[in-house]
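Subject: Structure for your review

Dear colleague,

Please find below the sequence and structure that I am handing over to you. My findings follow directly after it.

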Amino acid sequence: MRPDILNPLFAEVRAMKGVGPGLAKPLERLGLERVKDVLYHFPANWTYRKAVSLLDVADVGSNIIVTVTVMDHRNSNNARAPLRIFVADVAGNYLTLTFFGRNGGWARNQLPVGEKRIISGKLERYGDELQMVHPDHVVLVDSDTSPGLAEPIYPLSDGLTNKRMGQLAGAALQDVPDLPEWIEPTLVAGRNWPNWTAAMGSVHRRDDQSVRDRLAYDELFSNQLAMRLIRAAMDKRTAVPVAGDGSLISLLKLPFALTGAQKRAIAEIEGDLAQSRPMLRLLQGDVGAGKTMVALMALLRAVESGMQAAMLAPTEILARQHYAGLQKLLAGMPVNIAILTGREKGSLREATLMGLADGSIHILVGTHAIFQEAVTYKSLAVAVIDEQHRFGVSQRLMLSRKGRGVPHLLVMTATPIPRSLALAAYGEMDSSILDELPPGRTPVETRVMSQDRLAELIDGVARHLAAGKQAFWVCPLVEESDKSDLAAAEQRAEMLRLRFGPQVALVHGRMRGAEKDAVMERFVAGETRLLVATTVIEVGVDVPNASLMVIEAADRFGLAQLHQLRGRVGRGSEKSVCVLVRTTQIGETARARLALMRETNDGFRIAEEDLKLRGAGELLGTRQSGDSPFRVATPEQVRELIGVAADDARLLLERDGGLDGPRGQAARVALYLFERDAGVATLRGG
């Protein structure tokens, strides 16, 4: 049960004063559903101001705070011209306040002639005049809401202002309890870190790296503690050793020779399977490194031993692709393979459930449907989870309860994990890495093109399709919006159909599963030639004849996602090309990302560079980079904190009285606070 001291932080955000349905919606879009979420919605940046009494040309370019007297309002006969309000400081130095659009009426009310006001904003020079466009604050001289010298700038959503977000953060801080300390005392003293309560107050009031380090460490520590509890709980349970006699593996007709990395991974996995200690292993491999073949060896070892195996995929498309691929590889072998997703209904579903229960189905491929209580196995011995970052630790543990003993668990990811974060994200697992590609895989050539050359690009696509080849065209949005200038898949598909007709297909995440699968099946069969899509195709889609990938607004994507999308091509014998279409105005970071994509196809290097460029984000949660205490941390700082947190968690469990000691009781609070569900489950005996 969650400690009572945390109850105020887990109250719904709708219960906060002033949060009605209108404000709740933008908060929910940001994932801010509870008071705790508001607290952890940290500033993404800060505005720094200089308090001055006199206006000075030397301060041009700076954000200033100054007290002024309103001298005059001046309108132009042109309705589109801005409102100009003239103000002066105590020495009579003039400043023009400029307001565009609908802000004129508000400005007249806030700045009446003859009155004094405190204003803040960026001081600029316009010809011979000093100017401030749209001051960010206009307040009464005796107001208690004067702008501060440092103001937090929060990530926002439509309908939510920075001022309102700051007010909500202030209200949430009033509910902050005084939590007991879970960090080792000498570490807190040595780093000069504040306690958790003080750190939460400071992070919204000033930009202090030591405060961010403290809060980042809390997340890492709770994560490391949860991982150790999971590993300890798993080690207490036994698995059925899986040896196998090689009778099925010897019948496999592989399409290519195994790489050295595949052979090493298979040997490590077989060593784990032979033990009564449950395997808990992470298999990392770049796009096309042959993870599925390694997983198949583990699945067949279970069947050779007279037991069952399951393979879990995050999407129906990927599950059906795995099912078709395994059926092809296992054709003619005495192995019964079935699929179970949300689409399987009625008698087909019942037959599958009966086959699992009586053991006549040897291998099950499916989505999260294979977690359901109604799904029982006669003797599940091995479970493989593909694209594990789409599943939580709790879901993995749920699957682990489906066998007679604890099933051996192999989790795979084609998203290379920076080595500096692997310990933090997967500290409870052993790890195998596929760092070689099978022979014959040609690196994908990557080009960058401005969206101004779209017509030229479409001509190139026409030549590509005329040669009998297929292509992907990825857009960041499903439909156009007047609030965004990003490319939208529906509109792009309509435009391309004007040129290419029924050769163009469309798939996106809002479509029903059966509809998406039907579109993908026609594309795989070559019935359509150009697939316009959102990032729904990011994971697992395998179409060897598709050798061109176009990604619109590529500068708006992260490196890891671009690498995954690029990995959808280059799967056949043809040379493949990925065209990254950038917007016309891009920043230095986006430019660096695109340059790196042009330079390398190495996913592990890309992952490390992505960490350097964007920060770590929340390691195992839902917040993305930019919203985390790691926002300004270097990979080296993150790596160092991970190591310290791992040692601290170990000392707590081994030396400091474990979870029953004073610090252990405080650590229980941290597990709930950071919602490390799997760690909490072990406390409950789950």
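Among contacts in the protein chain between residues at least 6 apart in sequence, 72% join residues at least 24 apart. Please note that this is a predicted model. The chain has 686 residues, of which 52% count as buried. Its secondary structure consists of 22 helices and 23 strands.

I begin with helix H7, which runs over residues 209–236. At 1.5 Å a residue, the 28 residues of H7 should span 40 Å, and the 40 Å between its end C-alpha atoms agrees with this. The helix is mostly covered, with 20 of its 28 residues buried. H7 packs against helix H21 (residues 662–673) at an angle of about 100 degrees, and the two axes are 10 Å apart. Because of that angle, H7 is roughly perpendicular to H21. On the H7 side, the contact is made by Phe-221, Ser-222, Leu-225, Ala-226 and Leu-229. H21 contributes Arg-663, Ala-667, Ala-670 and Leu-671. By type, the residues of this contact divide into seven nonpolar, one polar and one charged.

The next part concerns helices H16 and H10. For H16 (residues 513–524), twelve residues at 1.5 Å each should span 16 Å, and the end C-alpha atoms are indeed 16 Å apart. The buried residues in this helix are Lys-516, Asp-517, Val-519, Met-520 and Phe-523. They cover an arc of only 160 degrees around the axis, and therefore they are on the same side of H16. As background, an α-helix has 3.6 residues a turn, so residues three or four places apart point the same way. The cover over the buried residues of H16 includes helix H10 (316–329) together with strands S19 (470–474), S20 (504–507), S21 (530–533) and S22 (546–551). After H16 comes Gly-526, which has a positive phi, near 85 degrees.

H10 also agrees with its expected length: its 14 residues should span 20 Å at 1.5 Å a residue, and its end C-alpha atoms are 20 Å apart. Buried in H10 are Glu-316, Ile-317, Leu-318, Ala-319, Arg-320, His-322, Tyr-323 and Leu-326. What covers these residues includes H16, helix H9 (291–304), and strands S12 (308–312), S13 (337–340) and S14 (363–366). H16 is thus among the elements that cover the buried residues of H10, and H10 is among those that cover the buried residues of H16.

Two residues other than glycine deserve mention for their backbone angles. Asn-192 is not a glycine, yet its phi is positive, at about 60 degrees. This residue lies in the loop between helix H5 (185–191) and helix H6 (196–203). With a relative accessibility of 63%, Asn-192 counts as exposed. Ala-553 likewise has a positive phi, near 50 degrees. Its place is in the loop between S22 and helix H17 (559–566). Ala-553 has a relative accessible area of 8% and is therefore buried, the cut-off being under 20%.

Finally, I list three residues with their contacts, leaving aside in each case the neighbours within four places in sequence.

- Glu-445 lies in strand S18 (residues 445–450). At 27% relative accessibility, this residue counts as partly exposed. Glu-445 is in contact with Lys-575, Ser-576, Val-577 and Cys-578. Its C-alpha atom is separated by 9.6 Å from that of Met-597, which is 152 residues apart from Glu-445 along the chain.
- Leu-353 belongs to helix H11 (residues 346–358). Its relative accessibility of 12% makes Leu-353 count as buried. Leu-353 is in contact with Leu-340, Ala-374, Val-375 and Thr-376. From Leu-353 to Ile-370, 17 residues apart in sequence, the C-alpha to C-alpha distance is 9.8 Å.
- Asn-75 is found in the loop between strand S3 (63–74) and strand S4 (83–88). Asn-75 touches Leu-83 and Arg-108. The C-alpha atoms of Asn-75 and Gly-104 are 9.4 Å apart, with their positions 29 residues apart along the chain.

Yours sincerely

Methods
Residues are numbered from 1 along each chain as its sequence is written. This is a predicted model: local features need pLDDT of at least 70, side-chain atom pairs count only at pLDDT 80 or more; totals for chains, interfaces and linings use all residues. Side-chain values use heavy atoms; hydrogens and water are left out. Axes are lines fitted to C-alpha atoms, for helices over the stretch in contact, and angles run from 0 to 180 degrees between N-to-C directions. Helices (H or I, at least four residues) and strands (E, at least two) are DSSP runs, numbered from the N terminus. Angles under 35 degrees count as roughly parallel, over 145 as roughly antiparallel, 65 to 115 as roughly perpendicular and the rest as oblique. Contact means heavy atoms within 4.5 Å. Ala, Val, Leu, Ile, Met, Phe, Trp, Tyr, Cys and Pro count as nonpolar, Asp, Glu, Lys and Arg as charged, and the others, Gly among them, as polar. The expected span of a helix is 1.5 Å times one less than its number of residues. Buried means under 20% relative accessible area, exposed over 50%, partly exposed in between (1.4 Å probe, protein chains only). The arc is that of the directions from the helix axis to the C-beta atoms.
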